[in-house]
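This report covers salt bridges, one helix, the disulfide and the nonpolar cores. The sequence and the model come first.

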Amino acid sequence: MKKVFVTGMAMATLSGCASIDMQSYVDPQFRSTQYSSLMVEVAVTDLKAKTLIEERVCKQINLKLSSVQCIKAIDTFAPTREYDQQTWQQTFAKTGAQARLQIELLSQQRKVSHHTTTHTEPSYLSEQSSYSTPTTSYTSHSTAVRLVDTFKITLFDKGDQSKVMVATGAISAQHGMLNHNKTMASLISKRITKELLNKGLVK
């Protein structure tokens, strides 16, 4: 039997799969509380990611929860300024938001998995031969790389008061997707909107 070895790298495509896993907890004191206005704040130093995720979350909230007003933090709190507690509270109060939804991106890990597959095919077809047909074995090797981003989401009553809800989770996506930040923004925005609705925290 003749063996031919073929080695290749499995590349992620634009439609590569991505998933999100999240667990949340609502404080018993706020289980009957509903909000009609929220400020979304993404606590990261990357302004591109901050702007993108805040926009996506507010867009999703406006799409699915038409009665809830969503305010992007970057439109109220300039990244170039420092705010003391009093100034921050006054600025937040002017927005009319009843709560603040804070999103933190905690860490990113790179996970690599290796796969080996063997394929066997006949070298030629012979209907008249009484002998076994020679075969050729092809062994392919593939490597898949995924990025796992962990995050934390906290809903604060009146901006910086009591914690209403806390949630932690992770996003797993194929490395090499066209725009990793857009993938994260899309998954987080859809999941957190669904969670707020399922927990009865929005009107």
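A salt bridge here is a side-chain nitrogen of Lys or Arg within 4 Å of a carboxyl oxygen of Asp or Glu. The model is a predicted one, in which local features need pLDDT of at least 70, side-chain atom pairs count only at pLDDT 80 or more, and totals for chains, interfaces and linings use all residues. Residues are numbered from 1 along each chain as its sequence is written, and side-chain values use heavy atoms, with hydrogens and water left out.

**Salt bridges**

The structure contains five salt bridges. The table lists some of them.

| Pair | Closest N to O distance |
|---|---|
| R100 and E41 | 2.5 Å |
| E54 and K50 | 2.8 Å |
| K158 and D157 | 3.2 Å |

Helices (H or I, at least four residues) and strands (E, at least two) are DSSP runs, numbered from the N terminus. Buried means under 20% relative accessible area, exposed over 50%, and partly exposed in between (1.4 Å probe, protein chains only).

R100 forms a salt bridge with E41. R100 belongs to strand 5 and E41 to strand 3 (residues 37-42), so the pair ties together parts that are 59 residues apart in sequence. Both of these residues, R100 and E41, are buried. Strand 5 (residues 99-122) also holds Q102, which counts as buried because its relative accessibility is 14%. Contact means heavy atoms within 4.5 Å; leaving aside neighbours within four places in sequence, Q102 is in contact with E41, A43, K152, I153, T154 and F156.

For K158 and D157, the two partners fall in opposite classes of accessibility: K158 is exposed at 52%, whereas D157 is buried at 10%.

**Helix 1**

E54 and K50 are four residues apart in helix 1 (residues 47-64), a separation of about one helical turn. E54 is buried, with 0% relative accessibility, and K50 is buried at 9%. The buried residues of this helix are A49, K50, L52, I53, E54, V57, C58, Q60 and I61.

The expected span of a helix is 1.5 Å times one less than its number of residues. Helix 1, with 18 residues, reaches 26 Å from its first C-alpha to its last, close to the expected 26 Å. At the start of helix 1, a side-chain oxygen of D46 comes to within 3.0 Å of the backbone nitrogen of K48.

**The disulfide**

With a disulfide taken as a pair of cysteine sulfur atoms within 2.5 Å, the count is one. C58 is joined to C70, with an S to S distance of 2.1 Å. The torsion about their S-S bond is about -70 degrees, so the disulfide is left-handed. It links distant parts of the chain, C58 in helix 1 and C70 in strand 4 (residues 69-72), twelve residues apart. C58 and C70 are both buried. Another cysteine, C17, is partly exposed at 46% relative accessibility.

**Nonpolar cores**

A nonpolar core is a set of buried Ala, Val, Leu, Ile, Met, Phe, Trp, Tyr and Cys residues joined through side-chain atoms within 4.5 Å. The largest one has 33 residues, of which L38, I153, L155 and L196 touch the most other members. Helix 3 gives the most to this core, with six residues.

Leaving aside neighbours within four places in sequence, the contacts of L38 include I61, C70, L155, L196 and V202. Apart from the largest core lies another of seven residues, among them M39, A73, F77 and A97. In soluble globular proteins, nonpolar side chains tend to be buried together.

Note on methods:
Polar contact = N/O pair within 3.5 Å; in protein donor to acceptor, adjacent residues only side chain to side chain.
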